[in-house]
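Biologist: Got a minute to go through this one with me? I'd like to jump around a bit.

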Amino acid sequence: MKFKQIIPLLILVMLLTACSDDENVVTRIIVGGPTNPEGNGSDPEFLKDFANFKIGNIVSATKLASSSAGNAKFREVLGNDYNSITAENDMKMANMFPSPDTYDWSDGDAIVAYAKENNLRVHGHALVWHSSIPGWLSSFQGTDAEFEAQIQGYVKATVAHFALEKDAEGNSVVTGWDAVNEYFDGGAIRSSLFTQRIGEDYINKIFTWAREADSDVKLFYNDFNVAGEPVKRAKIIALVNDMISNNIPIDGVGMQMHFNYDWPTSDIPLAIQQISDLGLLVHASELDVRANPNSDITNLTQERAAQQATQYQNTAYYYTTTVPANQQYGITIWGFRDQDSWRFNNGNDWPLLYDNDFNTKASYNGFVEGLKGNI
Ligand code: XIL
């Protein structure tokens, strides 16, 4: 072959190489799906750009303030992929109610300040939860009426306090609160300090006090296994309907969604449908998916990663396609790196969307596919 004949061949080879580079870019930056109305019109690249509702994750005041390299990366990923945050623990009662009539909102304030500066929404979590009670309150020696006065004071002061910080449009940075977390235990009302000291209707009182403190903030009932335990779900639905008919100010239901790779299955779409049918806001509030709930693997196999990805995809898909747009409060993932997860299980599980170096996993891609409406 003469040199002149080789030139077109070389050009062809160069073109083909350039094309395959393009293909790589295309598979990395996934195209299609809804364009974020707040976006810049270019192809969506990060989680929040694939949804028309908020995509959240959890934070702590410590991590937001830390200057370590790991936490700088965490804040970068937070800013790219998310537009909503929930405090993992900092805004719970055990942290904010150190002694009678005394409130410490400093961690929550730092989170709200960060959110305000970075255009993030804050979801308040959680005013009353049987699992986050300060020590002094557990052993409170006062009368039941005095106990109730402490709770009322805390709820009203806390909600009023976090209503103060406003975003550029004049809306509170904290847009919602899980007013009561985990009122049920299976199909029964959970026996707790609150039922014992105030009575089973404490739930109605918490919502009413919160509303008195802020007429705008969205008030949620939040629980786990709303998908996964149909009997519990039926109780929750009956409770919420009762609250609505008794004019108790409830705006939404948080479905925690602490799932396993193989559980729940057909109950996910059914649960999302039934909760949507209440007509209130729906928050997928604490999504994570255990890949190794039975400890039958020692590292995240490709097969298990794919099953976990499918579970994330299904959840995002059914939320996106089932919940009416005006009821979509958002989906919040419960953690960033696997090692940050409360379900890390000493390195024996990998429940989240990023590995320990913040690389996105198959679960991340599955979640994106679901947000795009692909099943
Ligand atoms: C968990 C946190 O992730 C842990 O760090 C903490 O030790 C316990 O609480 N349901 C909830 C969340 O509503 O607040 C819980 O978060 C997980 C279960």
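**Walking through the model**

Modeller: Let's start at Ala-87, which is buried, with 24 other C-beta atoms within 10 Å. Keep in mind that this is a predicted model.

Biologist: Where is Ala-87 found?

Modeller: In strand E2, residues 84–87.

Biologist: And which residues is Ala-87 in contact with, leaving aside its neighbours within four places in sequence?

Modeller: Val-59, Ser-60, Gly-108, Ile-111 and His-125. There's also a C-alpha separation of 5.5 Å between Ala-87 and Ile-58, and those two are 29 residues apart along the chain.

Biologist: Ile-111 caught my eye. What is that one in contact with, again leaving aside neighbours within four places?

Modeller: Val-59, Ala-61, Leu-64, Ile-85, Ala-87, Asp-90 and Val-122. Ile-111 is also one of the residues that touch the most other members of the largest nonpolar core, along with Leu-127, Ala-179, Ile-206, Ala-210 and Met-255.

Biologist: How many residues are in that largest nonpolar core?

Modeller: The core has 92. For the protein chain, buried residues make up 42% of the 375 residues.

Biologist: OK, zooming out. How many helices and strands?

Modeller: 13 helices and twelve strands. If you take contacts with a separation of 6 or more, 77% of them are between residues 24 or more positions apart.

Biologist: Ile-206 and Ala-210 were on your core list. Which residues of H9 are buried?

Modeller: Both of those, plus Tyr-202, Ile-203, Phe-207 and Trp-209. Looking down the axis of H9, the buried residues fall within an arc of 165°, so they line one face of the helix.

Biologist: Why would residues three or four places apart point the same way?

Modeller: Because an α-helix has 3.6 residues a turn.

Biologist: How far does H9 reach from its first C-alpha to its last?

Modeller: 17 Å for its twelve residues, 202–213, which is close to the 16 Å expected at 1.5 Å a residue.

Biologist: What covers the buried residues of H9?

Modeller: The cover includes helices H7 (144–162) and H8 (193–197), and strands E4 (128–129), E5 (174–181) and E8 (218–223).

Biologist: Now H11. Which of its residues are buried?

Modeller: In H11, residues 267–276, they are Ile-268, Ala-271, Ile-272 and Ile-275. They cover an arc of only 95° around the axis, which puts them on the same side of H11. Among the elements covering them are helices H10 (230–245) and H12 (302–322), with strands E9 (252–255) and E11 (281–290).

Biologist: What about Ala-227, buried or exposed?

Modeller: Buried, because Ala-227 has 26 C-beta neighbours inside 10 Å. Ala-227 sits in the loop between E8 and H10. Beyond four places in sequence, its contacts include Ile-268, Ala-271 and Ile-272, which are among the buried residues of H11. Met-255, Met-257, Pro-264 and Asp-267 are also in contact with Ala-227.

Biologist: How many residues apart in sequence are Ala-227 and Met-257?

Modeller: 30, while their C-alpha atoms are 7.0 Å apart in space.

Biologist: Any backbone oddities? Which residue does a cis peptide bond join to Pro-264?

Modeller: Trp-263, with omega about -15°. Pro-264 lies in the loop between strand E10 (258–260) and H11. The peptide bond from His-125 to Ala-126 is cis too, with omega near -10°. Ala-126 is in the loop between strand E3 (121–124) and E4. For context, most peptide bonds are trans, and most residues other than glycine have a negative phi.

Biologist: Which loop is Glu-182 in, and what is its phi?

Modeller: Glu-182 has a positive phi, near 60°, and is in the loop between E5 and strand E6 (184–185). Asn-225 also has phi near 60° and lies in the loop between E8 and H10.

Biologist: Asn-225, buried or exposed?

Modeller: Asn-225 counts as buried, with 23 C-beta neighbours inside 10 Å. Glu-182 is partly exposed, with 19 other C-beta atoms within 10 Å; the cut-off for buried is 20 or more.

Biologist: Last topic: which residues are around the ligand?

Modeller: Glu-88, Asn-89, Ala-126, Asn-181, Gln-256, Glu-286 and Trp-342. By class, that shell has two nonpolar, three polar and two charged residues. Ala-126 is the residue we met at the cis bond from His-125.

Notes. Residues numbered from 1 in each chain as written. Predicted model: local features only at pLDDT ≥ 70, side-chain atom pairs only at ≥ 80, totals over all residues. Core = buried A, V, L, I, M, F, W, Y, C linked by C-beta atoms within 7 Å. Buried ≥ 20, exposed ≤ 12 C-beta atoms within 10 Å, placed from the backbone. Contact = placed C-beta atoms within 7 Å. Near = placed C-beta within 6 Å. Nonpolar A, V, L, I, M, F, W, Y, C, P; charged D, E, K, R; others polar. Helix = DSSP H or I, 4+ residues; strand = E, 2+ residues; numbered from the N terminus. Arc of directions from axis to C-beta. Expected span 1.5 Å × (residues − 1).
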